[in-house]
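User: I have a structure to study. Please take me through it in short questions and answers.

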Amino acid sequence: MAWQWSVLVALCLCYSLSMTVLILTLKLLAFRLALMSGDGQGVFSHITLFEKIAAVLYFWLFPLTQLAFFTDATSGVRIIGWLVGLGLIGSLCTLVAWQFAPERVRLGDSRMKIATEMAPTLSAHTQRQVNRLMWISALQFGAVGICISFDYYLLVYFVAAGDVTEGSTLKGALSSGYAIAGALYLPLLARGVKQWGAVATLQKVFVFTVLGSLLKWYVYTPYGYWALWIDAVIGAAIWTAMTSIIPNMLTELGRDTGQDISPYLVSRHHTVISMSLVLAMLGSGELLNLVGFDASLAGNQTDSTLFAMRLLLSFGSFIFTLGALMILSRYKTDRLIHS
């Protein structure tokens, strides 16, 4: 009914706005702590570890709603939803707000001028470097995000021949593998940053990911899905790097300016990632229509549709990841020239 939709829209809008404020605040706290501690990589690695733990829980929420313990799917979704809303989101967010109360933690730094402007004055070099990191984030979360969204459809409608339950289980296992492998990469990436530097470490990860993108062509097939764990091991590195190394690089750029521009960096980074995720969601839907996908055909999708989805998943990821690598190379070159 219209009034029910109106209530849902209002609640979703309030939730989304509140969550945006919460996420921006937490990210700002992280950037400030990284700036003060001098060990930005350690701070962001610690945060990424908790994100990976949350990712494992997230990927299995829907399968939990399908357990025979619940009388029907609707009650399962409702009960799990309430547990997540009140138990995880509500209680944990309240705990964080209490723990980081202003009188408990001092997050200012009297030695560094705080830039209160939304667009602080930056040198041309710093602005170019920030923009390059934003473009890398946009390509990874947006363009690559569109391409890798087809892994689910290939698992369900190609590997599992239209069996949604089996395909979703494979997707859940794959996503869990990504999260676990990503957590295991954290100490390796941290060590790489200390040994080679952030840029060189990120370059190696991108090269690793480019090779892994080509492997997807063979993995997401009825005869190659046994190698899904290899895709998880290779593909997890870049997503861990995006949430641990990129923010650290932004923090270092901010430190070089001699002022605290964390609010500006956090807001820009969050905006780029959010818009990229939205575009990835909309773009994947449009591409599904363009390739001729028809859910009613179940496991009888046309050969051209399956070929197009495999092409987008593998070679689409390859092209956009290669583009991000080229931008990173320009970042490194510009930094060397500037220094």
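**Salt bridges and surroundings**

Analyst: Lysine 171 and aspartate 151 form a salt bridge, with their closest N and O atoms 2.8 Å apart. The pair links distant parts of the chain, 20 residues apart: lysine 171 is in helix H7 and aspartate 151 in helix H6. Keep in mind that this is a predicted model.

User: How many salt bridges does a search of the whole structure find?

Analyst: Side chains of opposite charge can pair when their charged atoms come close. The cut-off is a side-chain nitrogen of Lys or Arg within 4 Å of a carboxyl oxygen of Asp or Glu. Across the whole structure, the search gives three.

User: Is aspartate 151 buried or exposed?

Analyst: Buried means under 20% relative accessible area. Aspartate 151 has 8%, so it counts as buried. Its partner, lysine 171, has 22% and is therefore partly exposed. For aspartate 151 the answer is: buried.

User: Which parts does the salt bridge of lysine 216 and aspartate 231 tie together?

Analyst: The side chains of lysine 216 and aspartate 231 meet at 2.8 Å, N to O. Lysine 216 is buried, because its relative accessibility is 8%. Aspartate 231 is buried too, at 3%. The two are 15 residues apart in sequence, so the pair ties together helix H8 (residues 198–219) and helix H9.

User: Which helix holds both arginine 255 and glutamate 252?

Analyst: These two side chains meet in a salt bridge at 3.6 Å, N to O. Arginine 255 is partly exposed, with a relative accessible area of 26%, and glutamate 252 is partly exposed at 32%. They sit three residues apart, about one turn of the helix, and that helix is H9.

User: Which element gives the most to the lining of the second largest cavity?

Analyst: There are two cavities of 30 Å³ or more. The second largest holds about 40 Å³ of space, and its lining includes Phe31, Arg255 and Ile261. Helix H1 (2–37), helix H9 (228–256) and strand E2 (259–260) each give two or more residues to that lining. With three residues, the element giving the most is H9.

User: How many residues in the lining of the second largest cavity are charged?

Analyst: Arg255 and Asp260 are among the lining residues, and Asp and Arg count as charged. The lining also has three nonpolar and four polar residues, and the charged ones come to two.

User: How many residues of helix H6 are buried?

Analyst: Helix H6 spans residues 150–159 and is mostly covered. Phe150, Leu154 and Tyr157 are among its buried residues. Of its 10 residues, the number buried is seven.

User: What is the phi of alanine 161?

Analyst: Most residues other than glycine have a negative phi. Alanine 161 is in the loop between H6 and helix H7 (164–196). It counts as exposed, because its relative accessibility is 53%. Alanine 161 is not a glycine, yet its phi is positive, about 55 degrees.

User: Where is alanine 298 found?

Analyst: Alanine 298 also has a positive phi, about 50 degrees, although it is not a glycine. At 28% relative accessibility, it is partly exposed. Its place is the loop between helix H10 (262–290) and helix H11 (303–338).

User: Which helices each supply at least two residues of the nonpolar patch?

Analyst: The patch lies on the surface, with about 780 Å² of accessible area together. Leu95 is one of its residues. Leucine 95 is partly exposed, with a relative accessible area of 47%. The helices are H2 (40–59) and H4 (73–99).

Key
Residues are numbered from 1 along each chain as its sequence is written. This is a predicted model: local features need pLDDT of at least 70, side-chain atom pairs count only at pLDDT 80 or more; totals for chains, interfaces and linings use all residues. Side-chain values use heavy atoms; hydrogens and water are left out. On a 1 Å grid over the protein atoms alone, a cavity is a set of points where a 1.4 Å probe fits but cannot get out, and a pocket is an open set with protein on both sides within 12 Å along at least five of seven lines; lining residues have an atom within 4 Å of a point. Grid points are joined across faces, edges and corners, and a volume is the space filled by probe spheres set on the points. Helices (H or I, at least four residues) and strands (E, at least two) are DSSP runs, numbered from the N terminus. Patches are made of residues with over 30% relative accessible area and no salt bridge: like charges are joined within 9 Å, nonpolar side chains (Val, Leu, Ile, Met, Phe, Trp, Tyr) within 5 Å. Accessible areas come from the Shrake-Rupley method with a 1.4 Å probe; for residues, only the protein chains shown count as cover. Buried means under 20% relative accessible area, exposed over 50%, partly exposed in between (1.4 Å probe, protein chains only).
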